[in-house]
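Colleague: Got a minute to walk me through this one? I'd like to start with the empty spaces inside.

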Amino acid sequence: MTWAVAVAVWSCLAAGAWLLMSRDLLRIVLGMAVLGGGANLLLFAAGRLGATAPPVIPAGDTVLAATAANPLPQALVLTAIVIGFALACFSFVLLLRVTAATGVDDATRLRLAEPPASDPVKPPLPGAGGTSADPWRAP
Amino acid sequence: MSAVLAASPVLVPMATAVATLAAGRRSRLQSAISLVGISALLTCAWLLLALSAADQPAHASFGGWAAPYGIEFRIDRTGAVLVVVAAAMGAASLLFMGSDADPVPRHPMVLPLLHGLLAGVGGAFATADLFNLYVWFEVMLVCALGLFAVGGRPDQLDATLKYLALNLFGTLLLLVGVGLLYGATGHLNYTALGDAVARLPSGLAMALLVLLVVAFLVKGGAFPVFAWLPASYHTLPTAVLALFAALLTKVGVYAVLRTLGDVFPATPAILSQALGWIAVATMVAGVLGAAYHWDMRRILAFHIVSQIGYILLAIAIGTPQAHAAALFYTVHHIVVKANLFLIAAIVHRLTGSWDLREVGGLWAARPALGLLFAVPALSLVGVPPLSGFWAKLVVLRETLAAGQYAWTAAALLVGVLTLYSMMKIWMEAFWKPHPHERWRLPRDTRLAPALIATGSLAAVTLAIGLHPAALLDFASRAALDFTGGAR
């Protein structure tokens, strides 16, 4: 069981890292989600795997049974899943907005925030030259 | 009472965020609630500082579970002073929003997200639980993404995507590190974790520690994993940018300090050496990146990276004096860096561009602004008697005491190169005449709130510079809490 989970974690992390290094924006976003899944699985496995009873205290008792699973990693992984799911939703919407606004889905061509250098020693001047509201600028 | 106060760095901004969200589109009401919230946060932060200075650090265990099992908040001197500075930066940023220099988009989500960000920062400084620290990093990430994307310009969306991808990688690395540490020790509380890791085989402990520190270095913007910072920061409106510049990377650096200084104080020598050289590379890479640029925001963004290197250098040396130096440097740097961005926004408002080739003439038109710029700029360089001089002095003294002369030389060289960048801004924006002959100083500006915010931050820089002993003594006591407190 441990080995199966270890292989699953390894596959998720490897696939996620591979997708994340792609140029295609959709693959990058998918890679983040897959990588997050791998990390969650690893966090879950940190509580030790095994055929254990659910961590519920029976009525009348005050402590867990000795065979019960460790509840803490379950709580941790639930937190991480919620955060990861929210970020995955956000990143898909962001991807749609980016491709709609720029018409580009290639990470190496997405250079709006950092325009590529046209001159070897100086960065390019701002495109239109500041705001058009400045009255001293020649039209 | 102490428990409520210990949770206040999270509770107050979160309550403010909810209240501003409820105020919705009534922007006046939203601003009023937001100012009340930040004042309350500042008050709580000062109380926390007073408590920690009286050796009664505020403390809370949540859910009725005692220390090593429940989530614990413990605000010692280090946490308290950083919460105070974070609250002050929030106040300066909100005050600056009242001016018309680089206005923040009038979107009803801006203020709730800003307070959410402060909640994340406060939680990270307050918590004594590793998984909880991860959660606060995620809270900061989510709120930061919102603030990036809320403007909706294509370059901001581009920056959001890059910020998301590179930061999420760091966060996931942290999550993997937390999971493996929990698997190896069965603990998440800092104190219990420190004791348990000491009993692990040294190779395993070292591997886990490296994973954790690398994750924090991504968050802190260290070489070579700082690319997210200069790729995105300059697209933000300046009031938000100053807050990001002041706080976000510093939380990552604080986490490194807490991890290596407090939780796992027996840092292997090879890890300290590696961190020291990473710090040197961070300093040099940041300052050289800044030298290339002409956009004021991009120059200053690269200088964040460069200054992070100094703090990491102090952490790498690892003595209590060096930890005190790191804390002193962090406080100085937060104030100075936020102020420089805010002043750059005033320059932009008055001259019409961010690019230094397109601006000028401000020394003739506004000499007082030139003096105001000189305070944080010279402090960043390290000119006496400003705060940066003492901060650099204590860090350099520790590198010499540790016999790391190469690190001292690198730090001094980077200081000179920092002077180059600050002189570039000074010469281009203030000294030379404006390149457009028809340029006149804009008349209908509303800069009073911006000048009050930047003036107050400059006053803090001057006060630390003229009386460094107060903060230095406090930082030394804070560093003694580290190794002597828990064990």
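Modeller: Sure, but one term comes before anything else. On a 1 Å grid over the protein atoms alone, a cavity is a set of points where a 1.4 Å probe fits but cannot get out, and its lining residues have an atom within 4 Å of a point. Grid points are joined across faces, edges and corners, and a volume is the space filled by probe spheres set on the points.

Colleague: What kind of model is this, and how are things numbered?

Modeller: It is a predicted model: local features need pLDDT of at least 70, side-chain atom pairs count only at pLDDT 80 or more, and totals for chains, interfaces and linings use all residues. Residues are numbered from 1 along each chain, chains are lettered from A, and side-chain values use heavy atoms, with hydrogens and water left out.

Colleague: Which residues line the second largest cavity?

Modeller: P9(B), L41(B), V83(B), A86(B), A87(B), L118(B) and G122(B). Helix 3 (77-96) and helix 4 (110-126) of chain B each give two or more residues to that lining. Helices here are DSSP runs of H or I, at least four residues, numbered from the N terminus. Helix 3 of chain B gives the most, with 3 residues.

Colleague: How much space lies in the second largest cavity?

Modeller: About 50 Å³. The largest cavity has about 90 Å³.

Colleague: And which residues line the largest cavity?

Modeller: The lining includes F137(B), Y163(B), K219(B) and W228(B). By class, there are 7 nonpolar, 2 polar and 1 charged. Ala, Val, Leu, Ile, Met, Phe, Trp, Tyr, Cys and Pro count as nonpolar, Asp, Glu, Lys and Arg as charged, and the others, Gly among them, as polar.

Colleague: New topic. How many residues of chain A are in contact with chain B?

Modeller: 49 residues of chain A are in contact with 48 of chain B. Contact means heavy atoms within 4.5 Å.

Colleague: What area is buried between chain A and chain B?

Modeller: About 4,000 Å², with carbon and sulfur atoms giving 72%. Buried area is the accessible area (1.4 Å probe) that two parts lose on being put together, summed over both.

Colleague: How many salt bridges are there between chain A and chain B?

Modeller: The count is 1. E114(A) pairs with R298(B), and their closest N and O atoms are 3.0 Å apart. A salt bridge needs a side-chain nitrogen of Lys or Arg within 4 Å of a carboxyl oxygen of Asp or Glu.

Methods. 1 Å grid on protein atoms, 1.4 Å probe; cavity = no way out; pocket = protein on both sides within 12 Å on 5 of 7 lines; lining within 4 Å.
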